[in-house]
Amino acid sequence: MEVLIRPGNHVLSLKPGEPLLPALRAQGLPISYSCEDGRCGLCRCKLLRGTVVESGRPPRPLFGCRTRYLLACQSSAAEDCAIEIPDAGEPVIHPPRRLRTQVLGIESITHNVRLLRLSNADKLLFSPGQFVELEFGRGLSRAYSLSGLPGDDELRFHIRIHPQGSASQLITERLQPGAMLRLRAPYGVAWLRRQQEGPMLLASAGTGLGPLLSVLRGIAAARLQNPVHVYTSFMSREDIYGLDELAAALAALPNLRASHLVVAYGQLKRGLRRGLLTEVLEADFSHFKNWQANLYGSPFAIDAAVHLLRRRGIDEDHLHADPFHPYGN
Ligand SMILES: Cc1cc2nc3c(=O)[nH]c(=O)nc-3n(C[C@H](O)[C@H](O)[C@H](O)COP(=O)(O)OP(=O)(O)OC[C@H]3O[C@@H](n4cnc5c(N)ncnc54)[C@H](O)[C@@H]3O)c2cc1C
Ligand code: FES
């Protein structure tokens with residue numbers, strides 16, 4: 001079977017059942033990967049033509065996305081195919097890690113958000129905007145996004161506490177500083193692209209502020225000159241947190257154009273904007289052609305924002321989002 005690879009128009013001849021990822025790597029083609037077992041999503045490619053056989057779950061598409069994706073580590077060609085490797089100009093190759101790490105602290109930041117601090121003694125490699133899978137015990141793993149940068153001494157997570165949540169309960173009632181936790185990482189496709197041009201829209205809803213801070217710090221560290229527009233949204237004034245850390249990250253950006261704090265309900269202080277994230281974006285921009293966007297947080301807000309950006313013309317390749325869907329197992 002022949003598989004046409006874009007960009008570059010390389011042709012791979014594969015046997016039935018031969019997985020794509022090793023074949024792409026053997027040819028030195030620029031594909032991102034880490035886990036090689038279908039979890040991290042990094043080897044996600046577009047399926048332009050043909051059909052593939054998938055040995056694991058296909059990648060979860062963003063809300064309303066019509067593009068067909070496959071995970072190269074989980075797929076083999078069922079017939080002649082054509083695929084496209086996204087971000088071929090800047091592949092991300094992080095060794096998959098399963099670490100045991102120590103809990104340094106668990107602090108309340110709001111009525112329903114905790115800051116979890118873990119030791120980064122083993123210096124986890126990841127890209128800003130990625131997440132890890134924390135293992136709280138047998139069969140209890142949850143996704144949480146990293147809020148810092150790889151060289152930091154600590155791995156920090158902003159964790160929303162859900163009333164009936166298994167991990168939430170463990171974090172609030174049983175987990176203590178000094179305990180050891182296992183994590184698998186790095187995961188996620190909504191990482192900061194450094195080579196994309198044009199203005200950047202960076203938005204968070206609720207604890208999406210965690211990965212947003214990581215991306216802001218990543219932009220400052222790489223001295224990216226793209227104009228940056230930041231929207232941080234919360235449901236109510238009681239939910240707002242992290243403003244000092246946000247202000248410090250914004251102050252370090254080379255080309256910040258605007259930053260908005262958006263609150264959906266309740267009384268507002270000066271300087272805040274009322275509305276849902278989508279309402280404010282809709283009011284501020286008539287189109288997102290040539291923009292790139294990174295969006296994180298509450299699934300309702302982020303799915304709605306993804307839908308809006310698509311309707312307003314953003315290129316699918318420039319739309320990177322992690323809606324924080326429930327991660328039960
Ligand atoms: C890629 C990714 C990155 C994530 N990063 C973060 C992060 O940095 N910080 C963070 O707080 N969360 C994050 N999440 C979400 C988190 O993994 C889930 O919310 C997780 O299920 C919470 O576990 P729990 O055991 O506390 O609750 P669960 O036992 O999983 O769920 C308890 C109840 O709460 C509901 N519920 C759980 N999560 C949500 C949600 N997100 N929205 C609405 N209802 C929900 C469930 O439907 C269920 O009824 C991320 C999710 C993904 C997919
Ligand atoms: S390398 Fe394929 S999903 Fe991780």
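This briefing walks through a ligand site, one helix, a few backbone oddities and some pairs of residues. Keep in mind that the model is predicted. The ligand is a good place to begin: 22 residues surround ligand 1, and because domain 2 (97-187) and domain 3 (200-323) both give residues to that shell, the ligand lies between them.

**Around ligand 1**

- If you want to find the site quickly, look for Ala-143, Arg-160, Ala-167, Ser-168 and Phe-324, which are the closest of the 22 residues around ligand 1.
- Phe-324 makes a polar contact through its backbone: one of its backbone N or O atoms sits 2.5 Å from a nitrogen atom of ligand 1.
- Ser-166 also uses its backbone, with an N or O atom there lying 3.1 Å from an oxygen atom of the ligand.
- His-162 brings in its side chain instead, where an N or O atom is 3.3 Å from a nitrogen atom of ligand 1.
- On its own, ligand 1 has 910 Å² of accessible area, and the protein covers 81% of that.
- Four elements give two or more residues to the shell: β11 (140-145), β12 (154-160), α2 (166-173) and β19 (319-323).
- Of the elements, β11 gives the most to the shell, with 4 residues.
- Sorted by character, the shell residues come out as 10 nonpolar, 9 polar and 3 charged.

**Helix α4 and its two sides**

- Helix α4 covers residues 243-251, and its buried residues are Leu-246, Ala-249 and Leu-250.
- Those buried residues span an arc of only 100 degrees around the axis, so they sit on the same side of α4.
- There's a general pattern to keep in mind here: an α-helix has 3.6 residues a turn, so residues three or four places apart point the same way.
- Turn to the face of α4 that points away from the buried side and you'll find the exposed residues Asp-244, Ala-248 and Ala-251.

**The loop between β1 and β2**

- Pro-7 lies in the loop that runs between β1 (2-6) and β2 (10-13).
- The peptide bond joining Arg-6 and Pro-7 is cis, with omega at about -5 degrees.
- Gly-8 is in the loop between β1 and β2 as well, and it counts as exposed because its relative accessibility is 56%, where the cut-off for exposed is over 50%.
- Gly-8 and Glu-84 are 76 residues apart in sequence, yet their C-alpha atoms are 9.5 Å apart in space.
- Asn-9 is also placed in the loop between β1 and β2, and it has a positive phi of about 55 degrees although it isn't a glycine.

**Backbone oddities elsewhere**

- Another cis peptide bond runs from Ala-185 to Pro-186, with omega near -10 degrees.
- You'll find Pro-186 in strand β13, which covers residues 180-187.
- Arg-223 has a positive phi, near 50 degrees, in a residue other than glycine.
- To locate Arg-223, go to the loop between α3 (209-221) and β15 (228-236).

**A few residues to place in space**

- Gly-210 lies in helix α3 and counts as buried, since its relative accessibility is 1%, with the cut-off for buried set at under 20%.
- The C-alpha atoms of Gly-210 and Thr-172 are separated by 19 Å, and the two residues are 38 residues apart along the chain.
- Leu-308, in helix α6 (residues 299-311), is buried too, with a relative accessible area of 2%.
- Between Leu-308 and Arg-68 there are 20 Å from C-alpha to C-alpha, for two residues that are 240 residues apart along the chain.
- Glu-54 belongs to strand β4 (residues 52-54) and is partly exposed, with a relative accessible area of 31%.
- Glu-54 and Gln-292 are 238 residues apart in sequence, and their C-alpha atoms are 30 Å apart in space.

Notes. Residues numbered from 1 in each chain as written. Chains lettered and ligands numbered in written order. Predicted model: local features only at pLDDT ≥ 70, side-chain atom pairs only at ≥ 80, totals over all residues. Heavy atoms only, no water. Near = heavy atom within 4 Å. Polar contact = N/O pair within 3.5 Å; in protein donor to acceptor, adjacent residues only side chain to side chain. Areas by Shrake-Rupley, 256 points an atom, 1.4 Å probe, with all protein chains shown as cover. Nonpolar A, V, L, I, M, F, W, Y, C, P; charged D, E, K, R; others polar. Domains from an automatic or database assignment. Buried < 20%, exposed > 50% of the residue type's maximum accessible area, 1.4 Å probe, protein only. Arc of directions from axis to C-beta.
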